[in-house]
Amino acid sequence: MAYSNNDILAFSELFKGNTNAYGVTEVGEIVDGKAQSKSTLIYGEVTPAVINRHLSGSLSIGLSPMQEDGTCFFGAIDIDDYKYDLNDVIAAIEDFNIPLCPCYSKSKKLHLYIFFEEPVASEDVINLLKWYATAFACNKKVEIFPKQKNVSDKNKFYSWINLPYFDSNNEQNHRKYVTKEGLLPIEDALPKMLSKKISYKEHKAWIDEFKYHDAPPCILSGVLLRDIGPGQRNNWLFSCGVYLRLKDENCDLREELTEINASLKQPISENELNNTIIKGFNRKSYFYMCAAMDRCNKIACTQQEYGIESKASTGLDFGDMTQYMTDPPYYEWIVNGQKLTFWSEAEILGQRKFRALCMRQLHIVPRTVDDGRWSKILTRACENITVVHPTIDTGDFTTGSTFFDLTCAFFNTRRKADNATQITMGRVFVDEKQREYVFTAKAFVDFVVNKNDFKQYAPIEIRVRLQQLGAHKEGSYWRIPIDSIPKAEEPEIKIDFRDKEPEVEDF
């Protein structure tokens, strides 16, 4: 059958590759689901007559997408070895309006074609198709055409792929554009493929505008294919939540995950989503459930902005934080189930001590995340922080306890004043009627700072600490409740008096 010039021209414009040669394939019988074939390279111009023979069924040809100048007008992904349902790929292309054209191959696998309005560098085409191959969870060794990134003096021709619509009017031939409803005849397929022939910039824009374009591969492919196995749905949905939170701390997690879950072929119940997945984020755990995913592509994942080793993710499970209000305060933070202790805010704000503790106690060294991301992690931890107020007591090792010890010594161990003159001279007066000690600020500072060399507090902090104990200023004197200063107690010492020293054998 002869095809119209318009059909041949449209087909030639779509598959505008290297026209100096073409491959010829003789298809044999199918063995183990794969068509056996013999291919030959023919050096000669790809004329309209050659295209007509292909469409008519007398000559099955293939073309190299890369032209002599290293640019391409089309490219393709040859999905041959695929462990999932190819119908999910076809459905995704239609439902998400992806600018790819799926056609069955001679073995009834899939060729995904991409078309350009203008010549595009081979390397750029390869990079686009690699993203799609990852998005559809293709085998890591999936074939992408063009295969070569640049022209070479060693090659006269480059890797080629068999074209669709061989023997196009033969209803038994399935090498055609395939939709969810079935195969399209060439008169319907050509306009559809031509409508997807767009600029490289538009192709890039489609990817960049797709909501989950920067998600880890297991999440991206799950959103597109929508077929998550029953044993993985919870872990996958939780990982989706981790990605969404890493990307936008303030996202509406319930709304986002509800939408994703509803799109799955087998969604979990609303109750399970709320009480298992979304509720799980109350634990402040933001790490991917990688071990439970069968679509893991770790190499590609680590290259993603929000992947497992990205600057946005530490890959750690951040649990509860506790602040102990000693003087100064210290912090305990549960990370990956282990308690990490920080003795100051500076140790937490700077990630150096955090990473050192992870190495010491978790035996991992997380990468440093940017300041903005680290601030979000700390803010989330502080939102539910537990604050513990230990009793201020004497005889401890903290700065606050030392100050309290010196304060008690100032009021308990010094000679008391009998009159106002002696107060001015530095003694403490006991006002039994008001149940208060009367003293001067100068005498207190001389005792604590100068005599006992306590310099951890600035003068204004000393004032505040005394006020917290109930001190108040009255004229030129200060007063503090007697009951706020405990009396020093002599420690009870137990001595074991023995009649004689035990005998020790001398060796």
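This briefing covers the cysteines and one sheet of the structure. The model is predicted: local features need pLDDT of at least 70, side-chain atom pairs count only at pLDDT 80 or more, and totals for chains, interfaces and linings use all residues. Residues are numbered from 1 along each chain as its sequence is written, and side-chain values use heavy atoms, with hydrogens and water left out.

**Cysteines**

- A disulfide is a covalent bond between the sulfur atoms of two cysteines.
- The structure holds zero disulfides, where a disulfide is counted as a pair of cysteine sulfur atoms within 2.5 Å.
- Cys-103 has its closest cysteine sulfur in Cys-101, 6.6 Å away, which is too far for a bond.
- Cys-240 is in no disulfide either, as the nearest cysteine sulfur, in Cys-218, lies 7.6 Å away.
- Cys-103 is buried, with a relative accessible area of 0%; buried means under 20% relative accessible area, exposed over 50%, and partly exposed in between (1.4 Å probe, protein chains only).
- Cys-240 is also buried, at a relative accessible area of 1%.

**The sheet**

- Four strands, in the order E14-E15-E17-E16, make an open sheet with antiparallel pairing; strands are DSSP runs (E, at least two residues), numbered from the N terminus, and two of them pair if DSSP finds at least two bridges between them.
- Strand E14 (429–431) and strand E16 (472–474) are the edge strands, each pairing on one side only.
- From one strand to the next, the twist averages 35 degrees, with axes as lines fitted to C-alpha atoms and angles running from 0 to 180 degrees between N-to-C directions.

**Inside the sheet**

- Strand E15 (residues 436–439) and strand E17 (residues 477–481) run antiparallel and are joined by four bridges.
- Phe-439 has Trp-478 as its bridge partner in E17.
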